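Student: I've got a new model open and I'd like to learn how to read it. Could you walk me through it?

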Amino acid sequence: MSVAVAIAAGACVIALGALGLAFAAWRSLARVRRDQRLVLGDSGTTLVDFAVNLQTRLDDLNGAVDEVAAALARVDRRVDTAVSKLAVVRYDAYEAHGGHQSSTVALLDAERSGVVVSAIQGRDYARIYVKEVDRGRAAIALSPEEEEAVQRAMAR
């Protein structure tokens, strides 16, 4: 066998190997494109466009989550100042005369601040007293019934 035939045979083997590699690369590229169409659809967008769009949507979502968190914090502050502890004590302000018609209501928030309202009922009159409570303490001395209403409310 001559040298030219050997070189030609070697070149044919190398060409066939290169052709096989090119075919394998073509099949791999076809598989990637098929998978890309599955992810992106047939809209014609590239993977980079899809990633940029996805990042924009994630940024929008993070902004929305931040807004919801801020709104929830505002709601928490409003709920803390809402009346959440309540107690009613009924009693006879004038022994053996009233039939437990007098009552005291304690209306407190989560920080144990609010008001105590007492309605003292007599035979011919009714008196209403309102006293402010700040963190469980009143600026004006509380009657035993008012103190009991505050303690019951704070226990809830």
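Tutor: Let's go from the ground rules to the overall form and then to the sheet.

Tutor: This is a predicted model, where local features need pLDDT of at least 70, side-chain atom pairs count only at pLDDT 80 or more, and totals for chains, interfaces and linings use all residues. Residues are numbered from 1 along each chain as its sequence is written, and side-chain values use heavy atoms, with hydrogens and water left out.

Student: Which elements does the protein chain have, and in what order do they run?

Tutor: Helices (H or I, at least four residues) and strands (E, at least two) are DSSP runs, numbered from the N terminus. Here you get three helices and five strands, running α-α-β-β-β-β-β-α from the N terminus.

Student: What does the radius of gyration say about the protein chain?

Tutor: Take it over C-alpha atoms and compare it with the globule rule, 2.2 Å times the number of residues to the power 0.38. For 156 residues a compact globule would come out near 15 Å, but the protein chain has 42 Å. Its C-alpha trace spans about 135 × 30 × 25 Å along the principal axes.

Student: How many of the residues are buried?

Tutor: Buried means under 20% relative accessible area, exposed over 50%, and partly exposed in between, with a 1.4 Å probe and protein chains only. In the protein chain, 15% of the 156 residues are buried. Strand 2 is mostly covered, with five of its seven residues buried.

Student: And how do I read the sheet?

Tutor: Strands of a sheet pair through backbone hydrogen bonds, either parallel or antiparallel. Two strands count as paired if DSSP finds at least two bridges between them. This one is an open sheet of five strands in the order 1-2-3-4-5, with antiparallel pairing. Its edges are strand 1 (85–91) and strand 5 (137–138), each pairing on one side only.

Student: Which residues stand opposite each other in strand 2 and strand 3?

Tutor: Strand 2 (residues 102–108) and strand 3 (residues 114–121) run antiparallel, joined by six bridges. Thr104 stands opposite Ser118, and Ala106 stands opposite Val116. On its other pairing, strand 2 meets strand 1 over seven bridges, also antiparallel; there Thr104 is the bridge partner of Val89.

Student: What should I look at in the hairpin of strand 2 and strand 3?

Tutor: Check Arg112: this hairpin has five residues between the strands, and Arg112 takes a positive phi near 65 degrees.
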